[in-house]
There are 2 protein chains.
Amino acid sequence: MNRTTQTKRTTIYDLAELAGTSASAVSAVLNGNWKKRRISAKLAEKITKLAEEQGYALNMQASVLRRDRSKIIGMIVPKYDNRYFGSIVEQFEALARARGLFPIITCTMRDPALELEAARAMLSYQVDCLVATGATDPDRVMDLCAAAGVRTINLDLPGSHAPSVISDNYGGALELTRRVLANCEKEYGEKTPLLFVGGRGTDHNTMERVRGFRDAHAEAGVTVDEALVQTCGYAPEKAENAMRQLAERTSDLPRGMFVNSTISLEGVMRWIRRSGHYADRVPQLGCFDWDPFVAMLGDHIEMVRQDVPKMLDAVFGIIDSGATDITVVQIPPIVEKIG
Amino acid sequence: MNRTTQTKRTTIYDLAELAGTSASAVSAVLNGNWKKRRISAKLAEKITKLAEEQGYALNMQASVLRRDRSKIIGMIVPKYDNRYFGSIVEQFEALARARGLFPIITCTMRDPALELEAARAMLSYQVDCLVATGATDPDRVMDLCAAAGVRTINLDLPGSHAPSVISDNYGGALELTRRVLANCEKEYGEKTPLLFVGGRGTDHNTMERVRGFRDAHAEAGVTVDEALVQTCGYAPEKAENAMRQLAERTSDLPRGMFVNSTISLEGVMRWIRRSGHYADRVPQLGCFDWDPFVAMLGDHIEMVRQDVPKMLDAVFGIIDSGATDITVVQIPPIVEKIG
DNA sequence: AATTCTTGCTTCATCGATTGAGCAAGCATG
DNA sequence: CATGCTTGCTCAATCGATGAAGCAAGAATT
């Protein structure tokens, strides 16, 4: 019974023949509803044993084709280059598996075209549900899925065509800005407007964070300098560029900065070290997102950590409940203690 | 022709009916081999247009079931909490897509049981090929796949049942250790044995890195202190624990350390800052793996960056060539310049 | 003894796409 | 005019799993 090189995989028909029974019985036994189908315990055991011996593996493509629900759940995610998205994906996989769902994830490199292409591919694989994380154009993805009758949920960035789970960006930004302003005052004895750098001016999160940034300034009686609101994109190079251009225009650089992601912070820090502009006195920084090594960079950096476990609990709460009403759940982020 | 809520998805049969032709013709047109099947350009165009209008999406389950190759490629990966695995996954997806393959990735949390479960799931989804990245027990995964006639490739950690692509761990560790020893001498004027911390004593990479570590000591005429070889696991807590216990045993802590991954470095750095043991003079560090913020932590840290693009080129080179001979390709890592 | 019920299966259509085989019409060739 | 070739399609089997419907044998009921 040992095939050295198994050209064809074992199917339920092979097992049926070996057990002297029908494929239907084998199927019923192996997918667990043999009691419902009145298969004897004796036959069930025999089939189970045979399946084990033969190293039988269900052909999911065939199974899914026949069933109404695929139990496949998709996620699109922009990048894997930071702890935030990394932990989102880890949590997503764990929670999906815990529910007997098979997660498939595609990284779209923040490219709207790839987002759509990936969503289309997932629809072809018959996903039951698609979570769009940080999608540049979530509503187009949603429409595509809606046309195929597939549920969707927005994560990180909200959309208007499906339920969304996001951080409380305004609240987080408000508190983060407060702290940076306070640090500036403590350190330099003066309240001056901060720089806002990174993110896309058109995305909801960035807009909300800018709003929190403005309100914290207002609270502190500081006027925001509009030339210092630099929503230049997330990539390190873009943040670096923005800094360089700013330095070319002004000699009086801001004492503190609100940096809109760890990945933008990478560019900002690089510029700070290379340009030497802040050689005499370090700028007070705030970063919207957490990274363990950033935390070690010094006590001039404050961070806001988005609450990934709570966010994913909310996502699966929506999935489990079957809710489809277009709500936006806001999860408060955690403002990290320094050190 | 507008269904508000599309209960059933559009199939080739629907399109055939709309076009007044056969499902066979529709299939041929949509999967691109209509020339081979002598379908007229006129009909092809008509079908293509209809498919677009109807928002037709191929049912991959049905397609894969019928075809001999699924064009699905699987990868298992330990964690998403560091730049190394993050960039591996990003590259893997990009290269797979460029070849018309659909990548599915599962994160196994460094759990051997999950590795096997994930591999089994991928086999059920009919992957054509499976890349096992940093697998704890690669050979069991390979055997499972071999029984199903699925090709496999080891990445990051080698196995003995399939081709492997790994870093030149020995060479990287040798050079890294040299540099840390040199930095120690420059800084403290003395050559003392370094600490090796992190990784699993049983995994190939860690053993090779320890070997490089030893040889660099020998070269420099320094005797390795066996009590300072702490292959305690990768997790930050484990590294932190190892440091604490070491400090309890000795008052004379090592001047320099070889840290076996960024994730272990996280624990080491945490301990250094919290314990205050190195308050007077920072230890010279070397980290096997790269992280942008670690690079900014100061010039007392050297890093080795594994060459992910080259590694993945090698992986897909093997896949494209169809080679199955059990070789180990070693890719030299890049030793980063400080700053 | 005749009827109904239960148990333990088997048969067969089905999911949607693919593809070898075949067929009819048109054209060219001898 | 008969034959063969080309063009442009259609037919039907198939991939593997699923589950409604059905059937035969035995047990229980009247």
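The residues of the surface near DNA strand C (near: a heavy atom within 4 Å of the strand) divide into ten nonpolar, ten polar and six charged. This is a predicted model, in which local features need pLDDT of at least 70 and side-chain atom pairs count only at pLDDT 80 or more, while totals for chains, interfaces and linings use all residues. Residues are numbered from 1 along each chain as its sequence is written, chains are lettered from A in the order in which they are written, and side-chain values use heavy atoms, without hydrogens and water.

Around DNA strand C there are 26 residues, and the closest are A:S22, A:S40, A:R66, B:I12 and B:Y56. Of the strand's atoms that come within 4 Å of the protein, 49% belong to sugar and phosphate. Among the helices (DSSP runs of H or I, at least four residues), α4 of chain B supplies the largest share of this surface, four residues.

Three side chains of chain A make polar contacts (N or O atoms within 3.5 Å) with the strand. A:S22 places a polar side-chain atom 2.6 Å from a phosphate oxygen. Base oxygens are approached by A:R38, at 2.7 Å, and by A:R66, at 2.3 Å.

Elsewhere, B:D291 sits in the loop between β11 (284–288) and α12 (292–295) of chain B; strands such as β11 are DSSP runs of E, at least two residues. B:D291 is buried (under 20% relative accessible area, 1.4 Å probe, protein chains only) yet has no salt bridge, that is, no side-chain nitrogen of Lys or Arg within 4 Å of its carboxyl oxygens. The nearest side chain of opposite charge, B:R83, is 5.3 Å away. A polar side-chain atom of B:D291 does lie 3.2 Å from the backbone nitrogen of B:V294.

Terms used. Polar contact = N/O pair within 3.5 Å; in protein donor to acceptor, adjacent residues only side chain to side chain. Nonpolar A, V, L, I, M, F, W, Y, C, P; charged D, E, K, R; others polar. Buried < 20%, exposed > 50% of the residue type's maximum accessible area, 1.4 Å probe, protein only. Lys, Arg positive; Asp, Glu negative; His and termini not counted.
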